[in-house]
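Thanks for sharing this one. Here are a few notes to read with the model open beside you.

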Amino acid sequence: MSEMKSAFITGAASGIGRATACLFAEKGWFVGLFDANEQLLRSLEAEIGTERCCSRLMDVTDPADVRRAVAFFSEMSGGRMDVLFNCAGILNMGHHHRIPLEAHQRIVDVNFSGILNCIHASMDLLRTRPGSRIINMSSASAVYGTPELAVYSATKCAVRGLTEALNIEFEPLG
């Protein structure tokens, strides 16, 4: 593989993740496509082409699975990760008391814990690349609590706070 830059993208199979993967590939980057939706993941891989990407099912809530995905990406990208793009996210809209607790907990697990898992698993690769970046998707819902999206808003506030703190903390690492 050439010295092309590489990006590891969670939630890559649809929405913003998919659009971002296509943009990075169009700009000449090697992209790692990671998602829980196998059908959409395979479709995107076919669209981009296997010479420009790799793909794998991944559950961001499972730290061991995330570590395996990062190892797979490292092998496929020649040991490079220039960007970690944490885009995986879910929501349930409705009155808080009508949404089962398990659904609220799943939102926290995917939207916040998933980002922690991905950052932790990726740090060794990111640190080897000068100018590497971590991009964490948040939302306008992080600015204020959104009715009928309370837990989603809370997770996006947490992502925003984490990102701001790590931006300062990781500065000495380059």
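1. Let me start with helix α5, since it is the top contributor to the lining of the largest cavity, supplying three residues. Please keep in mind throughout that this is a predicted model. Helix α5 covers residues 150-169, and α4, residues 101-127, also supplies at least two residues of that lining.

2. Which residues line the largest cavity? Going along the chain, they are N92, G94, H96, I99, H104, I107, E148, L149, A150, V151 and Y152. By class, this lining comprises six nonpolar residues, four polar ones and one charged one. The volume of the largest cavity is about 40 Å³.

3. With a threshold of 30 Å³ or more, the model has two cavities. The second largest has a volume of about 30 Å³, and here α4 gives the most to the lining, with four residues.

4. If you would like to find the second largest cavity on screen, pick out T10, V60, N86, C87, A88, V110, G114, I115 and C118, which line it. Six of these lining residues are nonpolar and three are polar, with no charged residues.

5. T10 deserves a second look. Besides lining the second largest cavity, T10 is a buried residue of strand β1, and its bridge partner in β2 is F34. So T10 gives you a handy place to move from the cavity to the strands.6. Is β1 buried or exposed? Five of the five residues in this strand, residues 6-10, are buried, so β1 is largely enclosed by the rest of the structure. The cover is on both faces: S6, F8 and T10 are buried on one side, and A7 and I9 are buried on the other.

7. Now for the partners of β1. Strand β2 (residues 30-35) runs parallel to β1 and is joined to it by five bridges. Strand β4 (residues 83-86) also pairs with β1 in the parallel sense, over three bridges. On the β4 side, F8 has L84 as its bridge partner.

8. Finally, please trace the connection from β1 to β2. Together with helix α1, which spans residues 15-26, these two strands form a β-α-β unit, and the unit is right-handed.

Terms used:
Residues numbered from 1 in each chain as written. Predicted model: local features only at pLDDT ≥ 70, side-chain atom pairs only at ≥ 80, totals over all residues. Heavy atoms only, no water. Buried < 20%, exposed > 50% of the residue type's maximum accessible area, 1.4 Å probe, protein only. Pairing = 2+ DSSP bridges. Right-handed = clockwise from strand over helix to strand, strands pointing away. 1 Å grid on protein atoms, 1.4 Å probe; cavity = no way out; pocket = protein on both sides within 12 Å on 5 of 7 lines; lining within 4 Å. Points joined across faces, edges and corners; volume = space filled by probe spheres on them. Nonpolar A, V, L, I, M, F, W, Y, C, P; charged D, E, K, R; others polar.
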